[in-house]
Each structure stands twice: as structure tokens, then as C-alpha cells.
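Trainee: I should like to learn how to read the fold of a chain from its contacts, its strands and its loops. May we proceed feature by feature?

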Amino acid sequence: MRRSVSIAVLTMTLVVGLGAIGIGQRSVLASAQQKAETTEVKIDNFSFGPGTLTVPAGTTVTWTNRDDIPHTVVSTDGVFKSKVLDTDEKFSFTFSKTGTYPYFCSIHPKMTGKVIVQ
Ligand SMILES: [Cu+2]
């Protein structure tokens, strides 16, 4: 009798413990998702990173040129356009309206990226 009670308690402890681990993992996941909402796009090695950035409306996105080569950030639809960015120069644009904003580098048109505003 006593043994079955202690097994029950042990089982309960195990279940609660596992639940706590589950919650811990979930909060780690949540913070990882928040981190994914980065407003920084790095231009490096002839590519935009992240290539597709999803942000809430009102977010200011900043592009930084980490290449030793000049690049630009130009909206395909003419919504925004940077000057030529030399190494470590930045360009920022605030996305107030929802939508999908494809862009490219006008010097290297094969360099493309996208900002999705939700
Ligand atoms: Cu470029």
C-alpha cells in the first residue's frame, strides 16, 4: 500500500517535472521567434540576410553593408531607394503599411530580398 502511494507520488512528480520542461522549451521557442523578428538586414557576400524578413507594420528595417563592395537597396515597386552604400554604411526604411516589398541591389540586380509586413 505504502509502496503504491510512493509510486503514485513519484509518477506525479515525473509528470509535473516533464510538464515544466515542456513549458521551458516553449518559452525558449517563443523568444527564438521574437528574435526572428529582427529589423536588421546584413548585406554580405553579395546577398541580403535574411533574404526574406517578416515584420509587424511600423517596423523600421535597417540594412548594413558588410561587404567590401558598394551595394544599394532598391524597392522593386519604387517604395524606397538607398544611395550607394559603402562598407558599413546603413540604410533604414520604416514600413507602415502591410504588404510584400521585394527589393534588389541596383548595382548587382541578381541580389534580391523581400520584406513582408504583416
Ligand atoms: Cu550589390
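Mentor: Let us begin with contacts along the chain. In this predicted model, residues 24 or more positions apart account for 46% of the contacts with a separation of 6 or more.

Trainee: What percentage of the residues of the chain count as buried?

Mentor: Burial is read from the number of neighbours around each residue. Of the 118 residues here, 16% count as buried.

Trainee: Which elements does the chain have, and how do they run from the N terminus on?

Mentor: One reads the elements in sequence before turning to their arrangement in space. The chain has 1 helix and 8 strands. From the N terminus on, the order is α-β-β-β-β-β-β-β-β, with the helix ahead of the strands.

Trainee: What order do the strands of the open sheet have?

Mentor: The order of strands in a sheet is read across the sheet, from one edge to the other. Here, 4 strands form an open sheet in the order 2-1-4-6, and the pairing is mixed. Strand 2 (47-49) and strand 6 (90-95) are the edge strands, each pairing on one side only. From one strand to the next, the twist averages 20°.

Trainee: How many bridges join strand 1 to strand 2, and do the two run parallel or antiparallel?

Mentor: For each pair, one reads the direction and then the residues that stand opposite each other. Strand 1 (residues 40-44) is joined to strand 2 by 3 bridges, and the two run antiparallel. Within this pair, Lys 42 stands opposite Gly 49 of strand 2.

Trainee: How many bridges join strand 1 to strand 4?

Mentor: There are 4 bridges between strand 1 and strand 4 (residues 59-65), and these strands run parallel. Ile 43 has Asn 65 of strand 4 opposite it.

Trainee: In which sense do strand 4 and strand 6 pair?

Mentor: Their pairing is antiparallel and extends over 6 bridges. Thr 59 has Phe 95 in strand 6 as its bridge partner.

Trainee: Let us turn to a loop. Where is the place of Lys 83, and why does Lys 83 count as exposed?

Mentor: One locates the residue first and then considers its neighbours. Lys 83 lies in the loop between strand 5 (74-75) and strand 6. Lys 83 counts as exposed because it has 10 C-beta neighbours inside 10 Å, and the cut-off for exposed is 12 or fewer.

Trainee: How far apart in space are Lys 83 and Pro 70?

Mentor: Separation in sequence and distance in space are read together. Lys 83 and Pro 70 are 13 residues apart in sequence, and their C-alpha atoms are 9.9 Å apart.

Notes: Residues numbered from 1 in each chain as written. Predicted model: local features only at pLDDT ≥ 70, side-chain atom pairs only at ≥ 80, totals over all residues. Pairing = 2+ DSSP bridges. Axes fitted to C-alpha atoms, helices over the stretch in contact; angles between N-to-C directions. Buried ≥ 20, exposed ≤ 12 C-beta atoms within 10 Å, placed from the backbone. Contact = placed C-beta atoms within 7 Å.
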